[in-house]
Amino acid sequence: MVSPSGEQFEISAGGYRAVITESGAALRLLAFEGEEIVDGFPEEEMASLGRGQLLMPWPNRIEDGRYTFGGEEHQLALTEPSRHNASHGLARWAAWSVLEHTATSVALTYRLMAQSGYPWLLDLHVQYDVSADGLTVTQSATNLSDSPAPYASGAHPYLTVGAPLEDCELLLPAGTRALADPDRLLPVGREDVEGTDYDFRVWRPVKETVFNDAFTDLRRGRDGRAEVVLRADRAVLLWVDEQHRWLQLFSADDVTGHGRRSLAVEPMTANANAFRTGEDLVTIEPEDTFSAVWGIRAV
């Protein structure tokens, strides 16, 4: 019997163990010294709630699946029909091919064919590496078309420290929260987090805070990284490089059976609806490659 997520690729080093799937090149499992630090999904099930999936060539949502690029209008399939949006890209259910698999690293690729709504040919690539420094993920796209291609990327890991969110503290170095339409979850404005329930620039208990929000204006270290930390009796850290200007947090309060057991912290190079607004949207020229890097480690 084949797993619903296809072939499984295990890597390990430095106390870390990860499993990546053929379906969507998703991060199904990440554990440190036997304790899971990512809330993934069982081998006998398919991914739910986007767990561990890669969001390429766009993260989040595109309003009505319709956008204009290079003076031409394009219409994508509505993969979130209840909200009339195109959601989370075109590669998260595809069968990715393994390029190289070692004890500590796995690289996979998927050729995204030109299609209705996205008439560009891209080679998508991801590399997962584990070491004593944790997991590092490099997502790349190469434009094989003869015209510039619109692009953004993201990923959808859920962080867990083995405790419900009510018992956790959060450090989120973001100065601005995107305001979203509650019905369609599309951005309609911004607010400074100062003085709001979403100011986690210093350690604060999560308590009853509900997240389904994008954050930007990320405070970064000298290495250009921004770091989010969730902690209870133990702690997990997610970092993003400078290409990732946004983080989407999702506590899944409206999902039956989730029970606020983990917190999605989603690296995104652009916010929702970037194909329509153009904000932080990347244009990949023919034969060029765009890469973005993020990672997770226990702390």
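**Exercise 1.** How many Å apart are the mean positions of the positive and negative charges of the protein?

*Solution.* In this predicted model, begin by counting the charges, which gives 25 positive and 46 negative ones. Then take the mean position of each set and compare the two places, which turn out to be 4 Å apart.

**Exercise 2.** Establish whether the protein is as compact as a globular protein of its length.

*Solution.* Start from the secondary structure, in which there are one helix and 27 strands. The radius of gyration is 18 Å, and since the globule rule gives 19 Å for 299 residues, a value close to it, the protein is therefore as compact as a globular protein of that length. Along its principal axes, the C-alpha trace spans about 50 × 45 × 40 Å. Next consider burial: with buried taken as under 20% relative accessible area, 54% of the 299 residues qualify. Finally, among contacts with a separation of 6 or more, 65% are accounted for by residues 24 or more positions apart.

**Exercise 3.** Describe the nine-strand sheet, and say why one side of strands E10 and E20 is left without a neighbour in it.

*Solution.* First write down the order of this open sheet, E10-E11-E12-E13-E27-E23-E22-E17-E20, in which the pairing is antiparallel. Strand E10 (97-101) and strand E20 (204-205) stand at the edges and have a single partner strand each, so one side of each lacks a neighbour in the sheet. Then look at one pairing in detail: strand E11 (residues 105-112) runs antiparallel to strand E12 (residues 122-131), and eight bridges join them. Within this pairing, Leu 108 stands opposite Val 126 in E12.

Technical notes:
Residues numbered from 1 in each chain as written. Predicted model: local features only at pLDDT ≥ 70, side-chain atom pairs only at ≥ 80, totals over all residues. Heavy atoms only, no water. Helix = DSSP H or I, 4+ residues; strand = E, 2+ residues; numbered from the N terminus. Rg over C-alpha atoms; globule rule 2.2 N^0.38 Å. Buried < 20%, exposed > 50% of the residue type's maximum accessible area, 1.4 Å probe, protein only. Contact = heavy atoms within 4.5 Å. Lys, Arg positive; Asp, Glu negative; His and termini not counted. Charge placed at Lys NZ, Arg CZ, Asp CG, Glu CD. Pairing = 2+ DSSP bridges.
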